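Please look over the chain shown here before reading on. The report below is meant for someone who is meeting it for the first time.

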Amino acid sequence: QVQLVESGGGLVQAGGSLRLSCVASGRTFSAYSMGWFRQAPGKERELVARINRSGDTTYTRDSVKGRFTISKDNAKNTMYLQMNSLKPEDTAVYYCNYVDRWDTPIITSWGQGTQVTVSS
């Protein structure tokens, strides 16, 4: 059974930083691309960043480009999201998931997510 466990969220002032972690189990971690998603109140879940299975190719959405960095450690079955220069509009619950070639989430049972709140 696949498990995705996110952590590292919290309350931070605008301009601050957080580092999110995602520990995955139940699947060969290094065989899949993975992504960080977020969902703000009243909005749909959106892809924030994606990393390929080997960790050498990444994508970040325009609104976080230059501020967020995605990385992974295949030996630890862990993916990270370093978030710098945080803005109030980054406030959301952040989730991780495996993704296919179209960046569609693969695991239908999402983890609990981790709340990020950025105050102005």
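What follows goes from the whole chain to single strands and then to single residues.

This is a predicted model, in which local features need pLDDT of at least 70 and side-chain atom pairs count only at pLDDT 80 or more, while totals for chains, interfaces and linings use all residues. Residues are numbered from 1 along each chain as its sequence is written, and side-chain values use heavy atoms, with hydrogens and water left out.

**The chain as a whole**

The protein chain has 10 strands and 0 helices, where helices (H or I, at least four residues) and strands (E, at least two) are DSSP runs numbered from the N terminus. Read along the sequence, the pattern is therefore β-β-β-β-β-β-β-β-β-β. The radius of gyration, which is taken over C-alpha atoms with a globule rule of 2.2 Å times the number of residues to the power 0.38, is 13 Å for the protein chain, and this agrees with the value near 14 Å that a compact globule of 120 residues would have. The C-alpha trace spans about 40 × 25 × 25 Å along its principal axes. Of the 120 residues, 41% count as buried, a term that means under 20% relative accessible area, with exposed meaning over 50% and partly exposed lying in between (1.4 Å probe, protein chains only). Among contacts (heavy atoms within 4.5 Å) with a separation of 6 or more, 54% are between residues 24 or more positions apart.

**Strand β1**

In strand β1 (residues 3–7) the side chains alternate, so that L4 and E6 point to one face and are buried, whereas Q3, V5 and S7 point to the other and are not. Strand β1 pairs with strand β3 (residues 18–25) in the antiparallel sense over 5 bridges, pairing being counted if DSSP finds at least two bridges between two strands. The bridge partner of Q3 in β3 is S25.

**Lysine 72**

K72 belongs to strand β7 (residues 68–73). Which side chain of opposite charge is nearest to K72, and how far away is it? That side chain is D56, at 9.1 Å, and K72 is buried yet has no salt bridge, meaning a side-chain nitrogen of Lys or Arg within 4 Å of a carboxyl oxygen of Asp or Glu. For charge, Lys and Arg count as positive and Asp and Glu as negative, while His and the chain ends are not counted. The side chain of K72 does reach the backbone oxygen of R53 at 2.9 Å, and a polar contact of 3.2 Å joins the side chains of K72 and N74. A polar contact is a pair of N or O atoms within 3.5 Å; within protein, one must be able to donate a hydrogen and the other to accept it, and residues adjacent in sequence count only if both atoms are side-chain atoms. Beyond its neighbours within four places in sequence, K72 is in contact with residues including F29, Y32, I51 and Y80.

**Residues in loops**

Three loop residues are set out here.

| Residue | Loop | Relative accessible area |
|---|---|---|
| G113 | between β9 (92–99) and β10 (114–119) | 10%, buried |
| N77 | between β7 and β8 (78–83) | 27%, partly exposed |
| S85 | between β8 and β9 | 41%, partly exposed |

N77 has a positive phi of about 55 degrees although it is not a glycine, and S85, also not a glycine, has a positive phi of about 50 degrees. Leaving aside neighbours within four places in sequence, G113 is in contact with E6, V93, Y94 and Y95.
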